[in-house]
Amino acid sequence: MLWSLLKIILFVAVIALVTIGAGWLMETGAGIRVAFGGTELNLGPVQAVIAILVIVAAVWLVLKILGALFALVRFLNGDETALSRHFDRRSERKGMRALAEGMVALAEGEGRLAMAKADRAKKYLNEPQLVALINAQGAEMEGQHKVAEENYKSLLADERTRFVGIRGILRQRLAEGDTETALALSEKAFALRPKHEETQDTLLRLQAEKADWKGARKTLDAKLRSGALPRDVHRRRDAVLALSEARDVLVDGQDIEAREAAIEANRLSPDLIPAAVLAARSYISAGKQRYAARVLKKAWEAQPHPDLAATFADITPGEDPAKRLKRFSELTKVRPEHPETKMLQAELLIAAEDFPAARRALGDLPTAHPTARSLSIMAAIERGEGADDAVVRGWLARAVTAPRGSQWVCENCHVVAAEWAPVCPHCHAFDTLAWTEPPEGQLSSPTGSEMLPLLVGSEASTAPTVAQGPAPAATPQVDVTPPTRARDADTPPAETKAVPDAEPADAPEDAQKEK
């Protein structure tokens with residue numbers, strides 16, 4: 001507001017001064033006399049002012065014409081001028097428009113169109129990195145992998161686009177299955193951008209595939225420091241890596257180092273079943289049975305699993321079924337309503353030949369939640385109670401086609417694995433195997449494990465043998481009575497009775513002989 005007022009006042013003042021000056025010239029009546037070449041001109045005051053203005057305008061016009069001619073000469077000579085800048089801005093606008101259209105084409109999935117727009121932008125812009133990036137991504141969409149790789153390689157020369165080039169070539173190598181080169185490229189990309197989450201995940205997965213557990217743990221620590229991983233997830237995955245390292249050390253025959261690594265893995269994640277099993281076995285080998293039992297009970301509280309029960313049985317080998325049943329009460333009183341606990345209790349009672357109690361312990365599992373294992377246990381109970389062969393065959397026929405229950409299932413691809421591993425054998429995802437029931441209709445691969453993986457008895461006792469149906473996940477067979485292989489549903493099973501003081505491993509052969 002104030003500035004507008006000042007401009008009005010200034011305008012009025014200028015007009016007033018001009019008016020006063022013109023009036024003064026009119027009053028003086030003096031003029032200007034100009035003489036040249038024998039010619040004399042007499043100009044009045046107003047005429048003199050007009051003449052001066054015309055001369056000034058003519059001089060300005062001449063200077064402008066000379067400047068334009070000089071600029072034209074510079075333009076023709078290749079120097080930067082206003083004219084050249086005009087054409088440069090025009091070319092830049094065309095190039096940026098072509099780049100924008102190329103990026104839109106990429107978003108629409110039109111790879112060939114994006115490459116055409118990038119080539120057009122190349123004519124107008126001096127931005128080879130942007131053009132190469134659009135060309136590379138468009139070539140990937142069109143399946144022209146060599147063209148894409150050449151464009152990605154051209155990005156490596158510039159520090160600003162080096163990471164983009166490495167990442168693009170890394171994707172190419174992963175698509176080709178060249179994990180060796182992909183691992184080297186992911187390490188370079190991680191060195192350039194240690195906080196890039198996708199690079200961290202790729203490097204971690206490749207290191208786990210190559211069993212580079214120490215390197216993977218460093219990468220996992222970097223994810224934690226960058227804030228890309230919650231602390232509880234970090235502890236769980238660090239435990240998985242520590243367990244994998246312990247397994248490798250154990251294979252190499254370094255028992256002490258393996259024991260320490262297994263205990264560390266269990267400390268980081270007590271609910272990790274394989275870590276608890278390995279830690280418990282390391283305690284057992286060191287003569288620390290109490291520590292082993294404590295580890296197994298804590299893991300059982302988090303997730304009951306046949307491997308935990310098998311290891312718990314191995315704490316005191318050679319005990320009779322009655323003593324084993326009493327000792328296992330420490331485990332079965334934890335999560336008593338869990339199906340795994342019920343089946344374990346039933347198997348222990350079968351080994352002790354208390355078949356009515358085994359039926360009560362199993363409850364309604366065979367009808368409410370039938371699985372191959374619970375149905376086969378029910379067949380063993382019926383056999384032990386002296387039921388007719390048709391009844392036993394009925395249970396076995398149902399067991400053959402029943403779901404296998406909980407198994408190691410990948411949470412990423414939902415494929416069933418034969419045993420736990422840090423990396424999914426199908427999709428190669430890290431730490432995705434969980435002990436759960438597979439999706440409906442999902443079939444598991446043969447594992448070679450038995451229908452009854454945990455008929456826990458002493459080395460001097462055996463349990464009724466039943467036919468084997470589909471196998472659950474593989475379980476360490478420690479003091480376990482394995483059943484015979486699966487028979488056809490119409491084939492009568494072997495008539496056997498629980499006989500104390502018999503080797504569990506001989507039970508299938510005895511059943512065949514008796515039949």
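## Reading salt bridges and cysteines

Author: In this predicted model, let us begin with one pair of charged side chains: Glu 319 and Arg 324 meet in a salt bridge, with 2.8 Å from N to O.

Reader: Are the residues Glu 319 and Arg 324 buried or exposed?

Author: Both of them, Glu 319 and Arg 324, are buried.

Reader: How many salt bridges does a search of the whole structure find?

Author: The search, run over the whole structure, finds 26 salt bridges. One that repays a careful look is formed by the side chains of Arg 173 and Glu 149, which meet at 2.7 Å, N to O. This pair links distant parts of the chain, since Arg 173 belongs to helix 7 (residues 162-176) while Glu 149 belongs to helix 6 (residues 145-154), and the two are 24 residues apart.

Reader: Why do Arg 173 and Glu 149 count as buried?

Author: The cut-off needed here is that buried means under 20% relative accessible area. Arg 173 has a relative accessible area of 14%, so Arg 173 is buried, and Glu 149, at 13% relative accessibility, therefore counts as buried too.

Reader: Which residues are joined into one network by salt bridges that share partners?

Author: Through shared partners, salt bridges join Glu 149, Lys 153, Arg 173 and Glu 176 into one network.

Reader: Which parts of the chain does the salt bridge between Arg 236 and Asp 431 tie together?

Author: The side chains of Arg 236 and Asp 431 meet in a salt bridge at 3.3 Å, N to O. Arg 236 lies in helix 11 (residues 231-251), whereas Asp 431 lies in the loop between strand 4 (416-417) and strand 5 (433-436), so the pair ties together parts that are 195 residues apart in sequence. With a relative accessible area of 24%, Arg 236 is partly exposed, while Asp 431, at 14%, is buried.

Reader: Turning to the cysteines, how many disulfides does a search of the whole structure find?

Author: As a general idea, a disulfide is a covalent bond that joins the sulfur atoms of two cysteines. In this structure, the search finds zero disulfides.

Reader: Why is the sulfur of Cys 413 not bonded to the closest cysteine sulfur, in Cys 410?

Author: The relevant cut-off is that the two cysteine sulfur atoms must be within 2.5 Å. The sulfur of Cys 413 is 3.6 Å from the closest cysteine sulfur, the one in Cys 410, and this is too far for a bond. For the sulfur of Cys 427, the closest cysteine sulfur is likewise in Cys 410, at 3.6 Å, which is again too far for a bond. Cys 427 itself counts as partly exposed, at 24% relative accessibility.

Technical notes:
Residues numbered from 1 in each chain as written. Predicted model: local features only at pLDDT ≥ 70, side-chain atom pairs only at ≥ 80, totals over all residues. Heavy atoms only, no water. Salt bridge = Lys/Arg side-chain N within 4 Å of Asp/Glu carboxyl O. Helix = DSSP H or I, 4+ residues; strand = E, 2+ residues; numbered from the N terminus. Buried < 20%, exposed > 50% of the residue type's maximum accessible area, 1.4 Å probe, protein only.
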